[in-house]
Amino acid sequence: MKLIIRRSAILFIFSLLLLTGLVLFLGNYINNASTWVQHSSNRHLYTDGKLNTTGNIYDRSGRLLLEMIEGNINFHEDTTIRTAVMHATGDLNDNVATGALVAFRDRLSGWNFFNGVYEFDDMNTSGNDITLNLDAQLCATAYRELAGHKGAVGIYNYETGEIICMVSTPSFDPAHPGNIPFDDPRHEGVYINRLLSSVYVPGSIFKLVTTAAAIDHIPHVKEKVYKCEGKIQIGEDIVSCLTPCGEVTLEQALATSCNTTFAQISLELGSKTLQDYANAAGFNSTMHVDGIQTGMGRVDLSDAEGANLAWAGIGQYTNTANPLNFMAFMGAIANGGVRVPPSLLSDEGSFASLIRPLIKKERIIPPKTAEKLGRMMRNNVTSTYGEWNFKGLELCAKTGTAEVGEGKLPHAWFAGYLDREDYPLAFVVIVENSGSGLRVAAPIAANILRAAVN
Ligand SMILES: [Zn+2]
């Protein structure tokens with residue numbers, strides 16, 4: 001009897017070990033199977049470290065952007081289109097780490113959780129195709145509009161999250177990568193998707209964050225009048241405007257981008273409140289675009305007081321912004337304060353498309369604040385930027401001219417959204433070292449947005 005009990009106990013322990021092992025394996029499989037399969041030593045999928053599968057990448061209109069036949073890649077026939085979407089598709093040598101060829105490798109390889117990798121002989125090849133939300137023709141327009149400048153353009157549907165335009169420059173023709181003079185400074189950072197990965201000094205577009213905080217935290221701010229004599233002394237430092245703005249309300253100060261008013265407002269708000277609003281707007285955190293991690297804009301006000309705090313509220317100091325994150329902030333304002341995460345992969349009609357907006361929507365500003373901020377952004381256009389420049393777009397926007405050091409032209413920004421039910425689009429345009437936001441970035445944005453609604 002004693003022997004039986006002992007044997008049962010041993011058996012029980014072994015069963016327990018087996019079960020534990022199984023559970024651990026299953027857990028590991030769920031988490032890592034995709035990565036295991038994608039390992040470049042897997043000869044089902046890779047030859048000499050490169051994907052050798054068969055699959056196509058389409059844009060939202062069904063344009064074939066990239067065709068891969070057993071590892072051989074053909075890009076779109078039009079040079080401008082394939083160059084404009086190069087950062088989205090990826091390149092022959094997988095140098096663009098955020099391109100679909102690398103970032104969406106598991107989808108292109110046809111891997112899925114239940115079946116693993118299909119055998120190619122009897123598979124349905126459509127299992128390997130992916131469709132991007134991008135409109136390649138619009139990307140080509142954006143690429144042409146940037147006209148050789150370094151920078152980025154992003155446009156997305158703030159209700160569904162679909163990114164319809166994503167362009168980063170410089171780019172290159174992925175069909176002929178050998179022609180790029182890489183030691184040429186004009187190609188600096190050519191493999192980086194600046195919309196997803198870069199961070200820049202935001203300059204005055206950051207005043208939207210400061211304005212949101214002011215709406216909520218400065219009593220009777222709507223009626224309050226600030227005085228701008230062209231400059232204001234804060235400690236040792238002087239904050240100035242190009243010309244004196246005179247007596248202005250918050251709304252007028254945003255429209256003329258009055259630095260001295262925003263300096264005063266930043267000091268009134270204090271570093272803690274401004275930090276909270278910066279964090280809520282998406283600074284100091286990254287986003288994930290279908291698994292691709294974005295760059296992280298930073299706002300650190302822990303030691304900021306006096307002039308530093310004033311400059312931070314104006315978008316200078318040590319602030320940086322990631323273009324895509326800022327575009328999502330624009331989308332949130334347009335969407336009554338709720339941010340829908342931008343997405344590149346089309347999953348139209350799938351289960352994922354149904355639950356995605358439900359699980360990822362996030363309120364980042366109160367509804368009333370978003371509404372007031374939106375009205376002020378509309379006023380920027382009608383009172384200052386010139387409605388005739390953006391006719392029919394119902395544009396709400398803010399310019400930015402970010403100082404980046406002596407001897408260098410500032411970065412030009414233009415960010416905002418269309419207040420249109422038929423085209424719920426938010427956007428961001430950044431043109432590096434090119435001049436004023438209103439003179440350089442705004443006309444580029446206008447031309448691309450007009451193309452988007454036509
Ligand atoms: Zn001023």
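In this report a cavity is a set of grid points where a 1.4 Å probe fits but cannot get out, and a lining residue has an atom within 4 Å of such a point. The structure described here is a predicted model, and the account moves from its enclosed spaces to its open pocket, then to a zinc site and to the pairing of strands.

## Enclosed spaces

Rolling a probe the size of a water molecule over the atoms shows where empty space is left. In this model the count comes to 2 cavities of 30 Å³ or more. The second largest cavity has a volume of about 30 Å³, and its lining consists of Val 209, Ala 212, Tyr 277, Ala 280, Ala 281, Phe 329, Ile 364 and Ile 365. Helix H8 (207-217) and helix H10 are the elements that give two or more residues to this lining, and H10 gives the most, with 3 residues. When the lining of the second largest cavity is sorted by class, it has 8 nonpolar residues, with no polar and no charged ones.

The largest cavity has a volume of about 40 Å³. Around it stand Ala 281, Gly 282, Phe 283, Gly 297, Ala 321, Asn 322, Asn 325 and Phe 326. The lining of the largest cavity, sorted in the same manner, holds 4 nonpolar and 4 polar residues, and no charged residue.

## The largest pocket

A pocket, unlike a cavity, is an open set of points. About 770 Å³ of space lies in the largest pocket of this model, and of the 28 residues that line it, those closest to its centre are Leu 242, Thr 256, Ser 257, Asn 259 and Thr 401. Which elements each supply at least two residues of this lining? They are helix H9 (250-256), helix H14 (367-385), strand E17 (395-402) and helix H15 (437-453), and of these E17 gives the most, with 4 residues. By class, the lining of the largest pocket is made up of 11 nonpolar, 13 polar and 4 charged residues.

## The zinc site

The zinc ion has four cysteines as its protein donors, each through its SG atom: Cys 228, Cys 241, Cys 245 and Cys 258, which lie 2.2 to 2.3 Å from the ion. The angles among the 4 donor atoms run from 105 to 120°, and the site is tetrahedral. Along the chain, the donors follow the spacing C-x12-C-x3-C-x12-C. Distant parts of the chain are linked by the pair Cys 241 and Cys 258, which are 17 residues apart: Cys 241 is in the loop between strand E11 (237-240) and strand E12 (246-248), while Cys 258 is in the loop between H9 and helix H10 (259-281).

Are these two cysteines buried or exposed? Cys 241 has a relative accessible area of 14% and is therefore buried, because buried means under 20% relative accessible area. Cys 258 also counts as buried, because its relative accessibility is 0%.

E11, the strand before the loop that holds Cys 241, pairs with strand E10 (residues 231-234) in the antiparallel sense over 4 bridges. Gln 233 has Ile 238 in E11 as its bridge partner. E10 and E11 form a hairpin with 2 residues between them, and in its turn Gly 235 has a positive phi of about 60°.

## A sheet of four strands

Strands of a sheet pair through backbone hydrogen bonds, either parallel or antiparallel. In this model, 4 strands form an open sheet in the order E5-E4-E3-E6, with mixed pairing. Strand E5 (72-75) and strand E6 (130-131) are the edge strands, each pairing on one side only.

Strand E3 (residues 55-58) and E4 pair in the antiparallel sense over 4 bridges, and strand E4 (residues 64-69) pairs with E5 in the antiparallel sense, also over 4 bridges. Glu 67 of E4 stands opposite Asn 56, and Glu 67 also stands opposite Asn 74 in E5. A further pair is formed by Leu 66, which stands opposite Phe 75 in E5. The table sets out the hairpins of this sheet.

| Hairpin | Residues between the strands | Residue with positive phi |
|---|---|---|
| E3 and E4 | 5 residues | Gly 62, near 85° |
| E4 and E5 | 2 residues | Glu 70, near 45° |

Conventions: Residues are numbered from 1 along each chain as its sequence is written. This is a predicted model: local features need pLDDT of at least 70, side-chain atom pairs count only at pLDDT 80 or more; totals for chains, interfaces and linings use all residues. Side-chain values use heavy atoms; hydrogens and water are left out. On a 1 Å grid over the protein atoms alone, a cavity is a set of points where a 1.4 Å probe fits but cannot get out, and a pocket is an open set with protein on both sides within 12 Å along at least five of seven lines; lining residues have an atom within 4 Å of a point. Grid points are joined across faces, edges and corners, and a volume is the space filled by probe spheres set on the points. Ala, Val, Leu, Ile, Met, Phe, Trp, Tyr, Cys and Pro count as nonpolar, Asp, Glu, Lys and Arg as charged, and the others, Gly among them, as polar. Two strands pair if DSSP finds at least two bridges between them. Donors are N, O and S atoms within 2.8 Å of the metal (3.2 Å for Na, K and Ca); water is not among the atoms, so sites may look incomplete. Four donors count as tetrahedral if all angles lie between 85 and 135 degrees; four count as square planar and six as octahedral if opposite donors are over 155 degrees apart and all others between 65 and 115; anything else is irregular. Buried means under 20% relative accessible area, exposed over 50%, partly exposed in between (1.4 Å probe, protein chains only).
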